[in-house]
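User: I am new to this structure and would like to learn how to read it. Could you take me through it feature by feature?

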Amino acid sequence: MSIKNITVLGSGVMGHGIAQVSATAGYNVVLRDIKQEFLDKAMEKIRWSLDKLVSKEKISKDEGDSIFARIKPIVDLAEAVKDAELVIEVVPEIMDLKKTVYAELDKVAAPEVIFASNTSTLPITEIANTTSRPDKFIGIHFFNPPQLMKLVEIIPGEKTSQKITDLTQEYVKSVNKVAVLCRKDVPGFIINRLFIPMVHEACFVKDRTGATLEEIDSAVKFKLGFPMGIFELADFTGMDVIHKATVEMHLRDKKVINPHPLVEKMFDEKKLGQKSGEGFYKYSDDKYERVALSEELAQKCNPIQLVANIINNAAWLVTNGASDIEEIEKAAQLGLGLKKPLFETAKEIGIKNIVDELNKLAAEYGEFYKPDPLLVSMQTG
């Protein structure tokens, strides 16, 4: 079975981006939304994006036109999926909304159509089980913006057939992306399982050590090889996104995240980061400005607790059969922009030192910090 026709449900930032990358790879794409005006806006953005590629001479004008012509905006759901072989759903991250959409979709899509949900935190198995085809249901998590980000996480549900997983991997490769497979439907999958808890941990580190935001961020950037500081990255991502992911992940498993109250407080106060002008840092205008981080400031902060947090979560993914070290490193490099492998950083600091630090934190702050058995076994090796 090969896929030629794709329907993308939802034309927001992610939806129109996924439509564009699919059309660029030669697929026939239907872009569906509930109102014509949403679709008009999305098509304008796609046109703009393609024109930009033409002006940068990445594609010719003819190529731009033919990519654009392969995307058909349609409001009527039955009409939108009548030729589809794969439906990629990109509606907002609200469980009830997703379930409502799938109830409608399941009725109008032919039984052999594959359903893929672009979600970053919601449980795939739970959504799949609301449809008549859990074996043909899969999670496919593109990163924002899909036109630029290379990484796509693929998450099979408990009943997803191997054939569907293979087909999804082929599709991701065909749109010029790199797939990482999250083998189990765990909270946060791979990237958010590493990133979201680390934002909370950075808040705790600030409380415990009295280090400034800039000192912690400098250490994260210059000692751990992140492209920017963790607070900077949080502001860039948006506190609304982080808070939502926190709630979803914590709901599913209390061991996954140790929520710091500041994240919810910032969300409630609409301090969402760059998009609202203030998050952990203040921003004076729309264009992205970098915080002043430096090697000197990095020297004032020991990031061992942050390393301990992220490496313990990476180890958890391995121990729980959701991933392996190689895939995690690939995901961290492409999804978080890490310039240096996580386990390499951990080895430089010393796995034994990290395990000791986790044991110390566990004694003081509870079970959450207990070192994963994988790290415990690695410290002697």
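Analyst: Start with salt bridges. The test is a side-chain nitrogen of Lys or Arg within 4 Å of a carboxyl oxygen of Asp or Glu. By this rule, the count in this predicted model comes to 24 salt bridges.

User: Which side chain does arginine 133 meet in a salt bridge?

Analyst: Its partner is aspartate 106, with 3.0 Å from N to O.

User: Where in the chain do arginine 133 and aspartate 106 lie?

Analyst: They belong to distant parts of the chain, 27 residues apart. Arginine 133 is in the loop between helix H6 (124–128) and S6. Aspartate 106 is in helix H5 (residues 95–108).

User: Now the sheet. How many strands form it, and in what order?

Analyst: Read a sheet by following its strands from neighbour to neighbour. Here eight strands form an open sheet. The order is S3-S2-S1-S4-S5-S6-S7-S8, and the pairing is mixed.

User: Which strands stand at the edges?

Analyst: Strand S3 (71–74) and strand S8 (178–181) do. Each has a single partner strand, so one side of each is left without a neighbour in the sheet.

User: By how many degrees are neighbouring strands turned against each other?

Analyst: The average in this sheet is 25°, direction ignored.

User: What joins strand S5 to strand S6?

Analyst: Look for bridges between the two. Three of them join S5 (residues 114–117) to S6 (residues 137–142), and these strands run parallel. Take phenylalanine 115 as a case: its bridge partner in S6 is phenylalanine 137.

User: Which strands does helix H7 touch?

Analyst: Helix H7 (residues 162–174) packs on the sheet. It touches strand S1 (5–9), strand S4 (86–89), S5, S6, strand S7 (151–156) and S8. The direction of H7 makes about 25° with that of S6.

User: Next, empty space. How is it found?

Analyst: Rolling a probe the size of a water molecule over the atoms shows where empty space is left. A search of the whole structure finds two cavities of 30 Å³ or more.

User: What volume does the largest cavity have, and which residues line it?

Analyst: The volume is about 50 Å³. The lining is Met198, Leu224, Phe226, Val307, Ile310, Leu338, Leu342 and Thr345. By class, that gives seven nonpolar, one polar and no charged residues. H14 and helix H16 (342–349) each supply at least two of the lining residues.

User: And what lines the second largest cavity?

Analyst: This cavity holds about 40 Å³ of space. Its lining residues are Ile3, Leu86, Ile114, Ala116, Ile140, Leu167, Thr168 and Tyr171. Helix H7 comes back here: it gives the largest share of this lining, three residues. S5 and H7 each supply at least two. The classes are seven nonpolar, one polar and no charged residues.

User: What about pockets? Which residues are closest to the centre of the second largest one?

Analyst: A pocket, unlike a cavity, is an open set of points. The second largest pocket has a volume of about 330 Å³. Of its 16 lining residues, Lys255, Asn312, Trp316, Phe368 and Lys370 are closest to the centre. Helix H14 (residues 304–319) contributes the largest share of the lining, five residues. The lining has six nonpolar, five polar and five charged residues.

User: Last, the backbone. Which residues does a cis peptide bond join?

Analyst: Check omega for this one. The cis bond joins asparagine 144 and proline 145, with omega of about -5°. Proline 145 sits in the loop between S6 and S7.

User: What is the phi of glutamate 57?

Analyst: It is positive, about 60°, although glutamate 57 is not a glycine. This residue is in the loop between helix H2 (36–55) and helix H3 (61–69).

Technical notes. Residues numbered from 1 in each chain as written. Predicted model: local features only at pLDDT ≥ 70, side-chain atom pairs only at ≥ 80, totals over all residues. Heavy atoms only, no water. Pairing = 2+ DSSP bridges. Helix = DSSP H or I, 4+ residues; strand = E, 2+ residues; numbered from the N terminus. Axes fitted to C-alpha atoms, helices over the stretch in contact; angles between N-to-C directions. Contact = heavy atoms within 4.5 Å. 1 Å grid on protein atoms, 1.4 Å probe; cavity = no way out; pocket = protein on both sides within 12 Å on 5 of 7 lines; lining within 4 Å. Points joined across faces, edges and corners; volume = space filled by probe spheres on them. Nonpolar A, V, L, I, M, F, W, Y, C, P; charged D, E, K, R; others polar.
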